[in-house]
Amino acid sequence: MAVSRRRFLERMMYGLGALMLPFPGRAAAAFPAFSSPFAVPPVDEGTRSGDTLRFDLTARRGSRTFLPPHATSTLGVNGDYLGPVLRARKGDTVEIRVNNRLGEPTTLHWHGFILPASMDGGPHQQIADGGDWTARFDIVQDAATLWYHSHQYHRTGPQVYQGLAGVFIVDDDASDRLGLPSTYGVDDFPVVIQDREFDSAGRLVYVNSMPERMHGKHGDTVLVNGVVRPRLEVSRGLIRLRLLNGSNARTYRLAWHDQRRFSVIAGDGGFLPAPVSVSELTLAPGERAEIVVDVSDRSPILLKGLTGAVRMSGMMGMMMSRMGFDREMDILVVDPAQAVAGDQRLPDRLPTRVEALRPDLAVAERSFTLDMRMGMMGGGTGGGNFTINGRSMDMSRVDFRARPNSHEIWRVVNDSPMPHPFHVHNTQFRVLARNGKRPGGHERGLKDTVLVNGQETVSLLVPMGPYADPDTPYMYHCHNLEHEDQGMMGQFVVA
Ligand code: C2O
Ligand code: CU
Ligand code: CU
């Protein structure tokens with residue numbers, strides 16, 4: 001690969017700089033509070049037999065020391081907290097056996113995948129305690145960072161909060177050819193961001209107040225891959241972070257402490273048409289974004305969640321800030337003290353199918369109004385407080401039917417004062433507009449979850465996927481897990 005003149009000059013400069021300014025020792029490292037080693041989750045690539053890739057997962061209870069000296073009771077998949085990064089290729093058939101050893105029923109949902117409804121792992125594929133369930137499906141979509149998590153009816157919030165989630169990476173040939181940072185654990189890292197609340201004995205504290213029931217669970221401690229205040233030491237000058245907001249309810253406005261720009265290369269469902277250079281990125285619960293950061297200047301940088309991630313007015317806004325729901329969060333330090341600048345360059349164009357999703361393909365239009373009833377919030381989960389089109393989730397009601405392989409335009413109207421990240425199963429959609437304007441950043445790519453702020457309207461072009469099943473529904477819902485558990489969810493069949 002040819003080295004550009006700019007790169008050459010940069011390398012000369014950093015080389016000279018290193019000679020003139022010796023690096024401070026470890027003790028003087030910037031951001032000393034970030035001293036825990038960054039956790040690189042284990043990768044599970046399954047066991048191949050023929051063209052089937054088999055995975056064996058067990059959901060179980062565990063214990064993890066997040067805040068020494070306290071051990072915290074947790075849930076995990078093949079481990080104490082969270083699960084392995086599952087990895088498969090487009091064209092593979094995966095067969096994933098899920099054993100439930102939790103002591104309560106659960107499910108595992110493959111978030112972002114296009115797959116038959118009976119394999120989706122939603123509330124209808126419940127696994128009894130002590131039982132197991134096998135999902136089998138073809139990977140028909142392009143390279144992307146997807147994830148999996150519990151989708152237990154009325155219990156998704158508490159189960160994910162305790163750790164029942166993990167990342168699922170899909171690879172493909174087109175993405176292999178791009179020359180992007182892609183050495184796992186070296187210059188390519190999953191980054192699962194979750195806010196949690198711990199009591200003085202180190203126990204996880206779940207929803208315990210009326211405002212939290214309304215806004216969803218927010219915590220003051222951020223975990224990254226299950227670690228508090230991690231330091232990611234890297235040896236490469238260009239690194240790729242696969243960000244997943246795995247929080248129950250908190251939206252993050254992510255930025256580096258020195259406001260450096262970074263490139264967003266992918267959203268929920270795969271690559272954007274081209275890298276987008278930004279200085280901040282808003283990520284709502286359920287959303288993913290892949291970013292590439294240049295750290296060849298060798299300065300440690302702190303990833304922050306800034307205030308003002310969501311827009312809320314009046315009483316709701318006041319409650320947000322009073323309760324610490326909109327606090328600034330320090331998330332992760334990347335320490336490139338030993339990094340060597342490579343000659344990697346981002347491609348100008350990236351492979352994506354988003355541009356093939358044109359509005360003129362649509363054969364149906366639907367509208368979804370998200371709403372909530374105020375002043376009735378004491379009812380716990382399963383109440384009728386959060387609604388879509390005036391109705392709360394009912395397992396026995398199918399809200400509509402769509403045609404396989406068709407495209408629909410969905411208008412999602414938020415009639416409530418608070419934000420709702422709207423998620424649809426079995427699809428990667430295109431965001432056509434937010435309040436009439438074309439979206440930017442990671443919203444230019446294929447998505448399965450989109451943030452809809454109070455009083456906003458987003459319009460989506462939603463492809464329906466090829467699988468027909470008149471009896472098993474897919475879900476659409478708010479990915480604020482407390483809102484989902486309290487009824488802001490509906491069901492559709494493709495048939
Ligand atoms: Cu990530 Cu229906 O869920
Ligand atoms: Cu999903
Ligand atoms: Cu919501």
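Trainee: How many bridges join strand β12 to β13?

Mentor: In this predicted model, 4 bridges join β12 (residues 188-196) to β13, and the two run antiparallel. Strands are DSSP runs of E, at least two residues, numbered from the N terminus, and two of them pair if DSSP finds at least two bridges between them. Local features need pLDDT of at least 70, side-chain atom pairs count only at pLDDT 80 or more, and totals for chains, interfaces and linings use all residues. Residues are numbered from 1 along each chain as its sequence is written, chains are lettered from A and ligands numbered from 1 in the order written, and side-chain values use heavy atoms, with hydrogens and water left out.

Trainee: Which residue of β13 is the bridge partner of Arg196?

Mentor: That partner is Thr221. On the β14 side, Leu223 is bridged to Val228.

Trainee: What lies between β13 and β14?

Mentor: They form a hairpin with 2 residues between them, and Asn225 in the turn has a positive phi of about 50°.

Trainee: Turning to the metals, which residues bind the copper ion (ligand 2)?

Mentor: Its protein donors are His109 (NE2) and His423 (NE2), 1.9 Å from the ion. His109 lies in strand β8 and His423 in strand β28, so the pair ties together parts 314 residues apart in sequence. Donors are N, O and S atoms within 2.8 Å of the metal (3.2 Å for Na, K and Ca); water is not among the atoms, so sites may look incomplete.

Trainee: And which residues coordinate the copper ion (ligand 3)?

Mentor: His420 (ND1), Cys478 (SG) and His483 (ND1) do, at 2.0 to 2.1 Å.

Trainee: Is Cys478 buried or exposed?

Mentor: Cys478 counts as buried because its relative accessibility is 1%; buried means under 20% relative accessible area, exposed over 50%, partly exposed in between (1.4 Å probe, protein chains only).
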